[in-house]
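The following exercises train the reading of a protein model. Please attempt each task before consulting its solution.

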Amino acid sequence: MTTKDGDYRAAIIGCGRKGHGHARGYAGNPRTEVVAAADPDEDNLRIFLEHFPVPGYSDHRELLAKEQIDIAAPILPVRPNPGVVIDCAEAGVKAVYCEKPMAASLEEADAMVEACESRGIAFASGDAYRNMPQHWKVKRLIDAGGLGELCSINLYQSTGEISGGGCQGLSVLRLFADDADVEWVTGWCLGDPFSDDDQCMGGAVRFANGVDAFIHTRRSPMEGIEVVCSEGVYHSTWTSGHLWRGDPHGKLVEEEDFFTEFGDPEDWINPSGTRQRGGIQSIVESLDRGIEPRCSGQNMRKVLEIAIGLRQSHREGHAPVRFPIQDRSLKIIPAMSRYLNKKETFGEEHYAGQIQSAAGRPLGGAVAQGG
């Protein structure tokens, strides 16, 4: 298969439900093309190849050896993900874009980042809210002084998975804290702090640049992120967003037209605000310009460290935990549906329906046309 000059050849490694979603994203970007796929599960691979007629492999190492790949996309459960990401880096691809959470332990995350950074490989992780362009527009406004001084950040996150789904909110929190290093955290778990299992956690984060952030665990109408500045407030529930500026009388007035370029501000997922489109466009821009992807592996490593730090604080009587954390063997084991293959977790019959739907065809139906 021939790719036009200036475009990027992508290979999907892991052809399950989420792998189909990523493939659709690459097929929909004018600068990327899916050219190969690998999955040891012959049923997953067969269904994928029906929709994306590209060379298929049962072993990702064979794919990496035989195909000319620019972007490797390992869309895998957490347990095998670190090893495959490192395999891709060692094979000499230009970019790796995996899913999240990227790893269970800090030492695994360290090894993944080192394997890519040492070779100059762009490394992205996660179909993430952080990729949505609306957040970056607000960030540029804050950086330019348009909302005054950044005062604090509130993350309202009632998820029972601080590492699994919760890495989404923590990634956006880091964005608005200017991706500064963490000085210390103090926190708590709503479950057993001495368990390595993923769970709901809350606490406070002090960044080295002086920004304070607070992670709330109780569900409320404020679910999402709130960025409080001296002259305005930004709030996003992930599927909608609002920006208020202070007026001369000390009142907050909503700027209703701020997000109109992204379509309906009450439905950011479509058309242009979708996080997956943003993520794939980010890896293209990273390759074009030599910049870090918007939701990088480095970011997800630091997100995992924040989560582990919150739990470690609880283990130590809620004392502040200084960063960087010295014990890199510490880990958080995601929910089994993230850590292991979903077919193993949910059973073959249930998963068959999911993957057929993700492939663009209902179970027993015809393959949908288009990307």
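Two residues are in contact when they have heavy atoms within 4.5 Å. The model is predicted, so local features need pLDDT of at least 70 and side-chain atom pairs count only at pLDDT 80 or more, whereas totals for chains, interfaces and linings use all residues. Residues are numbered from 1 along each chain as its sequence is written, and side-chain values use heavy atoms, with hydrogens and water left out.

**Exercise 1. The chain as a whole**

Task: State how many helices and strands the chain has, and what percentage of its residues count as buried.

Solution. Step 1: Helices (H or I, at least four residues) and strands (E, at least two) are DSSP runs, numbered from the N terminus. The chain has 12 helices and 15 strands.
Step 2: Buried means under 20% relative accessible area, exposed over 50%, and partly exposed in between (1.4 Å probe, protein chains only). Of the 371 residues, 55% count as buried.
Step 3: Consider the contacts between residues at least 6 apart in sequence; 69% of them join residues at least 24 apart.

**Exercise 2. Strand S1 and its partners**

Task: Determine how many residues of strand S1 are buried and which way S1 runs relative to strand S2.

Solution. Step 1: Strand S1 covers residues 8-13, and 6 of its 6 residues are buried.
Step 2: In a regular strand the side chains alternate between the two faces of the sheet. On one side of S1 lie Tyr-8, Ala-10 and Ile-12, on the other Arg-9, Ala-11 and Ile-13, and all are buried, so that both faces are covered.
Step 3: Two strands pair if DSSP finds at least two bridges between them. S1 and strand S2 (residues 32-38) run parallel and are joined by 6 bridges; Thr-32 in S2 is the bridge partner of Tyr-8.
Step 4: From S1 the chain crosses through helix H1 (residues 17-28) to S2, and this β-α-β crossover is right-handed. A crossover is right-handed if, with the strands pointing away from the viewer, the path from the first strand over the helix to the second runs clockwise.
Step 5: S1 also runs parallel to strand S4 (residues 71-74), with 4 bridges between them. Here Ala-11 has Ala-72 as its bridge partner in S4.

**Exercise 3. Special backbone positions**

Task: Identify which residues are joined by cis peptide bonds, and which residues other than glycine have a positive phi.

Solution. Step 1: A cis peptide bond links Lys-100 to Pro-101, with omega about -10°. Pro-101 is in the loop between strand S5 (95-98) and helix H5 (106-117).
Step 2: Another cis peptide bond links Phe-323 to Pro-324, with omega about 0°. Pro-324 is in the loop between strand S15 (321-322) and helix H10 (336-339).
Step 3: Phi is near 65° for Asp-178 and near 55° for Asp-179. Asp-178 is in the loop between helix H7 (167-176) and strand S8 (182-189), and Asp-179 is in the loop between H7 and S8 too.
Step 4: Asp-179 counts as partly exposed because its relative accessible area is 26%.

**Exercise 4. Pocket and cavity**

Task: Give the volume of the largest pocket and of the largest cavity, and describe the lining of each by class.

Solution. Step 1: Rolling a probe the size of a water molecule over the atoms shows where empty space is left. On a 1 Å grid over the protein atoms alone, a cavity is a set of points where a 1.4 Å probe fits but cannot get out; a pocket is an open set with protein on both sides within 12 Å along at least five of seven lines; lining residues have an atom within 4 Å of a point. Grid points are joined across faces, edges and corners, and a volume is the space filled by probe spheres set on the points.
Step 2: The largest pocket has a volume of about 730 Å³. Its lining has 36 residues, of which Gly-14, Ile-75, Leu-76, Pro-77 and Asn-341 lie nearest its centre.
Step 3: Ala, Val, Leu, Ile, Met, Phe, Trp, Tyr, Cys and Pro count as nonpolar, Asp, Glu, Lys and Arg as charged, and the others, Gly among them, as polar. The pocket lining has 14 nonpolar, 9 polar and 13 charged residues.
Step 4: The largest cavity has a volume of about 70 Å³. Its lining residues include Pro-101, Met-102 and Ser-163, and helix H9 (residues 297-315) gives the most, with 4 residues. By class, this lining has 9 nonpolar, 1 polar and no charged residues.
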